[in-house]
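Trainee: I should be grateful for a close look at one pair of packed helices, set in the context of the chain as a whole.

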Amino acid sequence: MRHDGYMRPAFAQGKKTAVAKLLELRRQAQRDKEPRMVLRIQGILMSLDGHTAGEIANHLKVHRSTVPLWIDQWNRYGKEGLLEGHRSGRPTGLSQEERERLCDILDSGPVAYGLENGDLDQPPGTLHHRRGIRAAVSRRTCAQVAPAVGLLDATAHHPAGPGRCRATPQMGALYVPESKKKAQSEGAVIVFEDEASFRQTPTLHATWARRGSQPQIPTRGERNTQKIFGAVQLDNAKFVYLHQEDYFQWETYLAFLEQVAVPAFYRRRHRIYLIQDNASYHKKQETHNWFKANRRYVEVFQLPPYWPELNATERIWNYTRKHVTHNRFFERPQDLCNALFHNFDYVRHHPQEIENLLHPFF
């Protein structure tokens, strides 16, 4: 039988559910700042869409021999084959004693091991130095070790009932209104403003746990919430806030602008270009009159309706929930307040903590 040397092109295997899982994995890799992982996932998505390895290599600017390796790893091992440093049959980097210690850490929880904010979302290997595990274990390494030690990336829930799943909108190319060009020519500063409510009942988030042992987060069942006005300056990540005990309304909003935002951001001959959402009290006649009377200090711009991801302050709220409220129990409202204020004051004194969150808005 004669062979002409033609080799059938290799394609990634998977169904629609695989595409959804890859998109979620890509979002996670983007949040974890793993560009090579994002590149591999993009290659598999293109292959599932029918592109050849050569077309993928040309589009992603990688060597032609690289893409078939990605496809082979995906077809053989699934998402584990895309993880950084994946090797088939690679032995675990932890000894039996260290794996048992890692399980103890998961069972005890992060507070018992010295994490002040109680954030269970951190990869458990970040606790290694507190109890003698010899090397730091990254989130990806934990994903590789997980089957061997009986771990899973689970979602915590309240004993009183199931929690709400987290939904993170994907951030594409961000359009900032005409304020950006005008601000540059005028020398004005761009400031995003928003409000957030933080419940005493903890927000729930995916976390590490033993397989079959879903984490339990206690709750008092109270509906107490703490309300925060916040604003962040785009070019230097300067953040200010005001704790609000009453409801959000035009009176409290104007009090935040007059007492906190304008004194913090306004400089002589450098107006504030304030970008706000479409909350009802933002559009009240009294609010409109205030902006009209104070136009020498502030010019206001409205975001499109129902687009919270276009508001930079939302990134600060997400950061706060991740580092303060996710999977954490607060005995009293004051405990929640103290945790929030500590985080906000830390961000104010260390703006570099949130600078990267604002880059998509430039």
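Mentor: The answer below begins with the chain, turns to the helix pair and ends with two single residues.

This is a predicted model, in which local features need pLDDT of at least 70 and side-chain atom pairs count only at pLDDT 80 or more, while totals for chains, interfaces and linings use all residues. Residues are numbered from 1 along each chain as its sequence is written, and side-chain values use heavy atoms, with hydrogens and water left out.

The chain contains 13 helices and seven strands; helices (H or I, at least four residues) and strands (E, at least two) are DSSP runs, numbered from the N terminus. Of its 362 residues, 44% are buried, where buried means under 20% relative accessible area with a 1.4 Å probe, protein chains only. Among contacts between residues at least 6 apart in sequence, 73% join residues at least 24 apart; a contact means heavy atoms within 4.5 Å.

The pair in question is helix H11 (residues 313-325) and helix H12 (residues 333-349), which pack at an angle of about 125° with their axes 10 Å apart. Axes are lines fitted to C-alpha atoms, for helices over the stretch in contact, and angles run from 0 to 180 degrees between N-to-C directions. H11 and H12 are therefore oblique to each other, since angles under 35 degrees count as roughly parallel, over 145 as roughly antiparallel, 65 to 115 as roughly perpendicular and the rest as oblique. On the H11 side, the residues that make the contact are Trp-317, Tyr-319, Thr-320, His-323, Val-324 and Thr-325. H12 contributes Leu-336, Ala-339, Leu-340, Asn-343, Phe-344, Tyr-346 and Val-347. By class, this contact has nine nonpolar, four polar and no charged residues; Ala, Val, Leu, Ile, Met, Phe, Trp, Tyr, Cys and Pro count as nonpolar, Asp, Glu, Lys and Arg as charged, and the others, Gly among them, as polar.

Two residues elsewhere may be added. Ala-12, in the segment before helix H1 (16-31), is buried, with a relative accessible area of 11%. Leaving aside neighbours within four places in sequence, Ala-12 touches Ile-44, Ser-47, Leu-48, Ile-71, Trp-74 and Asn-75. The C-alpha atoms of Ala-12 and Trp-74 are separated by 6.9 Å, although the two residues are 62 residues apart along the chain. Glu-299 belongs to strand E7 (residues 298-302) and is buried, with a relative accessible area of 10%. With neighbours within four places again set aside, Glu-299 is in contact with Lys-182, Arg-271, Ile-272, Tyr-273 and Leu-274.

Notes:
Buried means under 20% relative accessible area, exposed over 50%, partly exposed in between (1.4 Å probe, protein chains only).
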